[in-house]
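Biologist: Please take me through the metal site and the ligand site of the model that follows, and justify each term as you use it.

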Amino acid sequence: MVTSSVLGFPRMGGNRELKKATEAYWAGKISAEELIQTGKNLRASHWKIQKDAGAGTIASNDFSFYDHVLDHIQLFNAVPNRYRKYNLPALDEFFAMGRGLQRAATESSPAVDVPSLEMVKWFDSNYHYVRPTLQDNQTFSLAADPKPVREFLEAKAQGVNTRPVLVGPVSFLHLGKPDRGASVNPITLLENLLPVYIELLTKLREVGAETVQIDEPILVLDLPPRTKAAFKTAYARIAAAGVSIPKITVATYFGDIVHNIDVLSSLSAVSAVHVDLVRNPEQLDTVTAALAPGQILSAGVVNGRNIWKTDFGEAIAIVQKAVNALGADRVVVATSSSLLHTPHTLASEKNLPAEVADWFSFASEKAREVAVIARAVTEGAASVKAELDANAASMHSRSTSARTNDPAVKERQSKVTAAMYERQSSFTQRIAAQQTHLSLPLFPTTTIGSFPQTKGIRVARQKFGKGDISAAEYESFIEKEIELVVREQEALGLDVLVHGEPERNDMVQYFGERLTGYVFTNFGWVQSYGSRCVRPPIVVGDISRPAPMTVKESKYAASITSKPMKGMLTGPITCLRWSFPRDDVHQSVQAEQLALALRDEVVDLETAGVNVIQVDEPALREGLPLRSGKERDAYLDWAVKSFRLATTGVKDVTQIHSHFCYSEFQDFFHAITALDADVLSIENSKSDAKLLKVFEDEAYPRHIGPGVYDIHSPRVPPQEEIRARIEEMLQFLKPEQLWINPDCGLKTRQWPETRAALDIMVKAAKEFRAKYQA
Ligand SMILES: Nc1nc2c(c(=O)[nH]1)N[C@@H](CNc1ccc(C(=O)N[C@@H](CCC(=O)N[C@@H](CCC(=O)N[C@@H](CCC(=O)O)C(=O)O)C(=O)O)C(=O)O)cc1)CN2
Ligand code: MET
Ligand SMILES: [Zn+2]
């Protein structure tokens, strides 16, 4: 019999209960017990949803109060001493690593001041994990009352026999890095980690876990030989534990494992291997052939990364093929990855056009899909006839809908010329014109765009959405917010100002709402990091811009100050990647449509007198295929082209900025150069300044602002810290090319820390200005 499984469920809850409780706890409004109870209720509800949907195997330990990799840092007692030394309650230590902690001394406790650990992209998704930082001679031990055991028992008490999910030992180490000052190669710590890992598996078996899902997603990456070899060591040791541990499913996702297929022989003792057959259906034959006798294939055919209904006909055909090769008892129908990346349920969406809603499937619906597919294969199509028929009708409705096709957009795309990808002059000429026009000092200061999205702003927007306040009232409210942000920046002494983005719910959703071809949800939230969520707009058809999207706000902001005002747009790749893109048209086509819409916006801003325009592309790297090779080159080619198409319609004097919230450019530096942006701002405060060396090595001529402080944490950086960062940057960058700015936008911050940190930043810039101008 073919069974079904879900690799993980979203954590936030249908109403973002987890986000609200976590933030209330941080604000001191609810107790730790109340937060813990909220987590418990959510887990119970999520297990029930999946059980009621008929999903066979359901995960536990997929829940986290912040991030599941961070959970494992605590689980293995790999907490750096700078956190451990405070002897905080486990929950507070956990959050201190996630978001930093700065607290004045009280009668009973000393002052705490510790920055967060680094947060990085989870493969090619918009989810971020907390990166384990490991010491030379790092030791591990199992935390008391291990979370996976606790949550397994919790589900068991509810009558759900779950499959605990763990981050695999090899992936955990590979995804980590040496702590600042340490030089350890994380993978060399495997021997230290394995006994703890086996102790955990043994405990899980003791409490009744029959199987465990061990995620080793790094198997889809290009791996150094040493990491590949680590799989052999790890899984031989795990196999040696025999019947004292549960059966194991090793899960991979977001790519194929064909290039690492030799590693499968190291996994011959595990009971099942999971692969992503949505992304890479072609790997089926190779993987099937490489399985050990009796080994089960978990076939990921329901997409964990988007919201489109699964085409049952296609999925059943793939599963049937696997069954033909392996037999029904050796095939499980599964989601391609955890459903963490999908919204909670479609059932809450009351405002979608009915035609379109019928094309979608969110997490709760996907849990049902795996069950239906498994039943169709086991008992035959007749057993689920109604569901198969309805699915076929949905597929037909979408493929024939008039909504997806706009001939005017296609017409415009056919008229794109080579000249439309080029600025009028070279950077050298442009920067001279820009300097004259802007007359900026050495080490110019700026910010990345957004200022605090206060409760007041969000509530005003909510009221406007509900019709409680009029458009005119909302607009004048936004103007007041813009004015406030402008005055704050003038008082701080910043050089290039921004309007603060108060009118934007989100940098991608906002643009989606102003473009044709998109639809929106009311509750379609997806976790991005910690308590932060996004509601990705959904691309269903051809995209165009009916009217200017940002000109009014930027023009107003520019009109109330004599300082240069920077216009603020989200680039085509980021608009695409942080939406749910359509899957019936190549992404390069959607990116070009977005680029043409943005090109018009850029030109309109210039015409309105805004001569500094930032086009954010933080998702450029995220879209980079995970493995090096031809696919990467093809992606970079169309990604760079769409950025250029969006930005090159302006005169020399208009300065184009772009922003990325990371600083690892080594593997695609040529593409960064090819963007031909005049100024780049990048994240840098949490990474090694040595990453900037590539700009020096490649003699990158344009301007760069590597972030001087982290904005994801409320912590205010001391001036010495910023000074030290700038000194480090000057080892690799010329003073003439260096801008001073934070790592990213300030929307998640509160005003007091924003003001304090920017004040320190501007002072530091002035210090360097004095030193270098002398
Ligand atoms: N799409 C996207 N991806 C990104 C980023 C980003 O900015 N956008 N930045 C990077 C880091 N990721 C981030 C993701 C989300 C947020 C973020 O701030 N999200 C906000 C929600 C933003 C939003 O959509 N706000 C809406 C809705 C706000 C809201 O919750 N309103 C309340 C009512 C008002 C209230 O009581 O507060 C409600 O609907 O219930 C608005 O402002 O209009 C949050 O989780 O709090 C920040 C960074 C990488 N990926
Ligand atoms: C995630 S990148 C953010 C860029 C945007 N302009 C902001 O400041 O919020
Ligand atoms: Zn950013």
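Biologist: What makes the arrangement around the zinc ion (ligand 3) tetrahedral?

Modeller: The 4 donor atoms subtend angles of 96 to 123°, and four donors count as tetrahedral if all angles lie between 85 and 135 degrees, so the arrangement is called tetrahedral. The ideal angle for four tetrahedral donors is 109.5 degrees. This is a predicted model, in which local features need pLDDT of at least 70 and side-chain atom pairs count only at pLDDT 80 or more, while totals for chains, interfaces and linings use all residues. Residues are numbered from 1 along each chain as its sequence is written, ligands are numbered from 1 in the order in which they are written, and side-chain values use heavy atoms, without hydrogens and water.

Biologist: Which residues coordinate the zinc ion (ligand 3)?

Modeller: His659 (NE2), Cys661 (SG) and Cys744 (SG) do, at 2.0 to 2.3 Å; donors are N, O and S atoms within 2.8 Å of the metal (3.2 Å for Na, K and Ca). Their spacing along the chain is H-x1-C-x82-C.

Biologist: Why is Cys744 called buried?

Modeller: Its relative accessible area is 15%, and buried means under 20%, exposed over 50%, partly exposed in between (1.4 Å probe, protein chains only). Cys661, at 30%, is therefore partly exposed.

Biologist: What makes the approach of ligand 2 to Asp616 a polar contact?

Modeller: A nitrogen atom of ligand 2 is 2.7 Å from an N or O atom in the Asp616 side chain, and a polar contact is a pair of N or O atoms within 3.5 Å. An oxygen atom of ligand 2 likewise lies 3.3 Å from an N or O atom in the side chain of Lys747.

Notes: Four donors count as tetrahedral if all angles lie between 85 and 135 degrees; four count as square planar and six as octahedral if opposite donors are over 155 degrees apart and all others between 65 and 115; anything else is irregular. A polar contact is a pair of N or O atoms within 3.5 Å; within protein, one must be able to donate a hydrogen and the other to accept it, and residues adjacent in sequence count only if both atoms are side-chain atoms.
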